[in-house]
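Work through the exercises below with the model open beside you. Try each task before reading its solution.

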Amino acid sequence: MQAKILVADDERHIADGLQMLLADDGYEVDTATDGTAAWEMIQEGGYGVVLADLRMPGVDGLELFARMREAAIPAEVIFITGEASVASAVEAMREGAYDYLEKPLNIARLKALIPKAVEAHQVKQANRSLEERLANLSRFGDLIGQSDEMRRIYATIEAAAPSTASIFIIGESGTGKELVAQAIHDKSPRAKGPFIAINCAAFPREILENELFGHEKGAFTGALNEKPGCFELAHGGTLFLDEVAEMEPDIQVKLLRALEQRSFRRLGGKKEIQVDIRVVSATNKKINKAIDSGELREDLYHRLAVIPLHLPPLRERRGDVRILAESFLRRYAEENGKPIRGFSAEAIEFLHSYRWPGNVRELKNTVERATILTSGEQVTPDDLRFQELIRTEDREVRIRVGTSLEQAERTLTLKTFSFVEGDHQKAASLLGIDEETLRSRLSRFLASDPAPAT
Ligand SMILES: Nc1ncnc2c1ncn2[C@@H]1O[C@H](COP(=O)(O)OP(=O)(O)OP(=O)(O)O)[C@@H](O)[C@H]1O
Ligand SMILES: [Mg+2]
């Protein structure tokens with residue numbers, strides 16, 4: 001389904017020019033040469049995207065946008081603006097306008113922007129009706145949660161799943177990004193096809209390139225056989241690019257090209273290989289920072305993030321803590337053959353008040369350990385609370401002589417991590433290690449037995 005577009009510009013030649021350009025791309029386009037006419041047409045409905053000149057006599061672009069918002073008209077608005085009024089366009093974006101185009105118009109940018117706006121509109125529309133239907137869900141695929149935030153995510157997944165639009169999942173470590181990626185695949189028409197996940201941070205440059213694109217026999221010393229990469233393996237299915245902000249710049253360029261053309265060459269290969277894939281990517285980085293610092297190419301980000309999906313940390317959706325904890329408890333009690341009935345009232349209180357810097361993963365590990373440790377029928381706060389994980393103002397760690405280095409490292413790492421309230425970046429910089437190392441140590445330490453009190 002192609003959304004209808006309205007172009008409102010008082011300069012007739014601009015309106016007509018845009019109409020022609022967009023009609024060439026297969027869109028149905030109407031024009032209006034003043035705001036009043038545009039507003040009448042918009043009210044009749046049916047537009048997915050409105051391109052509006054910011055400055056028009058009578059009802060100007062901003063006024064048009066304000067009226068649309070007031071009437072809850074769902075079309076995406078893109079402003080056309082002269083240099084002098086860019087600031088008001090940016091301001092309007094804060095209030096929900098989709099984007100703006102500066103005069104003189106950059107056609108390439110226009111052509112890139114329109115399909116994204118149309119897609120955003122369609123996803124939002126689908127979301128609206130879904131949100132109502134999903135309003136009572138407490139799980140979705142393997143995802144558990146009944147907070148408004150999670151329900152919005154279920155709705156987005158369901159709305160986006162049928163298309164091939166790329167989805168970019170942004171969320172702290174342990175929030176469930178991989179589970180969401182899998183759910184997108186499972187709900188899509190590609191569910192019977194492969195789901196191929198690759199962790200982009202896990203490989204050095206050359207190997208990553210090889211993993212992604214594969215190689216021909218003899219492409220390099222040691223390439224005894226040809227090998228398909230993830231792009232080929234994911235054909236007909238979904239490619240999940242995990243930790244995608246961690247890629248070297250030149251691989252980002254190659255990836256961008258492969259995504260734009262839906263084709264690529266194996267290392268040492270001459271043949272262009274076409275693939276039909278849906279790309280889902282994820283990062284736990286603050287995305288604006290990664291782009292500003294040049295770590296992640298902006299054009300690649302836009303290509304990957306036709307639909308950005310923010311997975312909030314557990315502390316911002318506390319309504320999910322209990323249902324998650326109870327479901328993990330049921331699972332681990334059964335697995336371990338323990339006759340546990342549930343959490344004590346105090347334990348529930350602790351679960352709610354704790355900050356969960358490690359998000360759902362930490363909650364899951366905590367419940368698993370509590371299930372193993374507890375001797376009663378109910379899980380108590382003592383079963384849940386591990387000395388080192390309690391948020392602390394205490395800036396000191398005391399380590400007795402006779403403590404092993406491993407143990408000392410564990411204690412210091414966990415204390416530092418909880419001191420900075422679970423901020424991986426801060427903890428890593430205080431400890432003088434990189435974030436990856438910190439993450440792998442944390443998961444190792446959190447999986448092993450708690451240290452004796454220090
Ligand atoms: N909503 C949820 N319902 C049930 N289980 C969940 C949910 N979210 C996360 N989990 C579980 O928590 C653990 C961490 O989830 P996942 O690996 O998807 O997180 P992540 O965001 O990819 O983390 P990282 O950034 O560290 O890779 C997994 O065991 C997953 O099954
Ligand atoms: Mg992950």
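**Exercise 1. The largest nonpolar core**

Task: Find which residues of the largest nonpolar core touch the most other members, and name the element that gives the largest share.

Solution.
- Step 1. Bear in mind that this is a predicted model. The largest nonpolar core holds 33 residues. Phe168, Phe231, Leu239 and Leu241 touch the most other members.
- Step 2. List the elements that give two or more residues to this core. The strands are S8 (167-171), S9 (195-199) and S12 (238-242). The helices are H8 (205-213), H9 (230-233), H10 (249-261), H11 (287-292) and H12 (298-304).
- Step 3. Pick out the top contributor. H10 supplies the largest share, five residues.
- Step 4. Look for a core apart from this one. Another core has 27 residues, including Ala165, Ile167, Ala181 and Leu309.

**Exercise 2. Around Leu239**

Task: Leave aside the neighbours within four places in sequence, and state which residues Leu239 is in contact with.

Solution.
- Step 1. Begin with the lower numbers. Leu239 is in contact with Ile196 and Ile198.
- Step 2. Move along the chain. Cys230, Phe231 and Ala234 are also in contact with Leu239.
- Step 3. Finish with the run Ile277, Arg278, Val279 and Val280, which Leu239 contacts too.
- Step 4. Check the strand partner. Ile196 stands opposite Leu239, which is in S12. S9 and S12 pair in the parallel sense over five bridges.

**Exercise 3. The sheet that contains S12**

Task: Give the strand order of this sheet and explain why S9 and S16 each have one side without a neighbour.

Solution.
- Step 1. Recall how a sheet is joined. Strands pair through backbone hydrogen bonds, either parallel or antiparallel.
- Step 2. Write the order. Five strands form an open sheet, S9-S12-S15-S8-S16, with parallel pairing.
- Step 3. Go to the edges. S9 and S16 (307-311) each have a single partner strand, so one side of each has no neighbour in the sheet.
- Step 4. Read the twist. From one strand to the next it averages 20°.
- Step 5. Add the helix. H7 (residues 177-187) packs on the sheet and touches S8, S9, S12, S15 (278-283) and S16. The direction of H7 makes about 155° with that of S8.

**Exercise 4. A second sheet**

Task: Give the order of the sheet that contains S1, then place H3 and H4 against its strands.

Solution.
- Step 1. Write the order. The five strands run S2-S1-S3-S4-S5 in an open sheet, and the pairing is parallel.
- Step 2. Find the edges. S2 (28-32) and S5 (99-102) each have a single partner strand, so one side of each is left without a neighbour in the sheet.
- Step 3. Read the twist. The average is 20° from one strand to the next.
- Step 4. Take one pair. S1 (residues 4-8) and S2 pair in the parallel sense over five bridges. Within S2, Val29 is the bridge partner of Ile5.
- Step 5. Place the helices. H3 (residues 61-70) lies across S3 (47-53) and S4 (76-81), at about 170° to S4. H4 (residues 86-94) lies across S4 and S5, at about 165° to S5.

**Exercise 5. Ligand 1**

Task: Identify which residues come nearest to ligand 1.

Solution.
- Step 1. Start with the surroundings. Ligand 1 has 18 residues around it. Ile144, Ser173, Gly174, Lys177 and Lys364 come nearest.
- Step 2. Take the backbone. A nitrogen atom of ligand 1 lies 2.9 Å from a backbone N or O atom of Ile144.
- Step 3. Take the side chains. An N or O atom in the side chain of Lys177 is 2.6 Å from an oxygen atom of ligand 1. For the side chain of Lys364, the distance from an N or O atom to an oxygen atom of ligand 1 is 2.7 Å.

**Exercise 6. Buried or exposed?**

Task: Decide whether Thr283 is buried or exposed, then do likewise for Glu209.

Solution.
- Step 1. Set the cut-off. Buried means under 20% relative accessible area.
- Step 2. Apply it to Thr283 in S15. Thr283 has 2% relative accessibility, so Thr283 counts as buried.
- Step 3. List the contacts beyond four places in sequence. Thr283 touches Phe168, Ile169, Ile170, Gly171, Lys177 and Ala245.
- Step 4. Turn to Glu209 in H8. Glu209 has 8% relative accessibility, so Glu209 counts as buried.
- Step 5. List its contacts on the same terms. Glu209 touches Gly214, Ile251, Lys254 and Leu267.

Methods
Residues are numbered from 1 along each chain as its sequence is written. Chains are lettered from A and ligands numbered from 1 in the order in which they are written. This is a predicted model: local features need pLDDT of at least 70, side-chain atom pairs count only at pLDDT 80 or more; totals for chains, interfaces and linings use all residues. Side-chain values use heavy atoms; hydrogens and water are left out. A nonpolar core is a set of buried Ala, Val, Leu, Ile, Met, Phe, Trp, Tyr and Cys residues joined through side-chain atoms within 4.5 Å. Buried means under 20% relative accessible area, exposed over 50%, partly exposed in between (1.4 Å probe, protein chains only). Helices (H or I, at least four residues) and strands (E, at least two) are DSSP runs, numbered from the N terminus. Contact means heavy atoms within 4.5 Å. Two strands pair if DSSP finds at least two bridges between them. Axes are lines fitted to C-alpha atoms, for helices over the stretch in contact, and angles run from 0 to 180 degrees between N-to-C directions. A residue is near a molecule or strand if one of its heavy atoms lies within 4 Å of it. A polar contact is a pair of N or O atoms within 3.5 Å; within protein, one must be able to donate a hydrogen and the other to accept it, and residues adjacent in sequence count only if both atoms are side-chain atoms.
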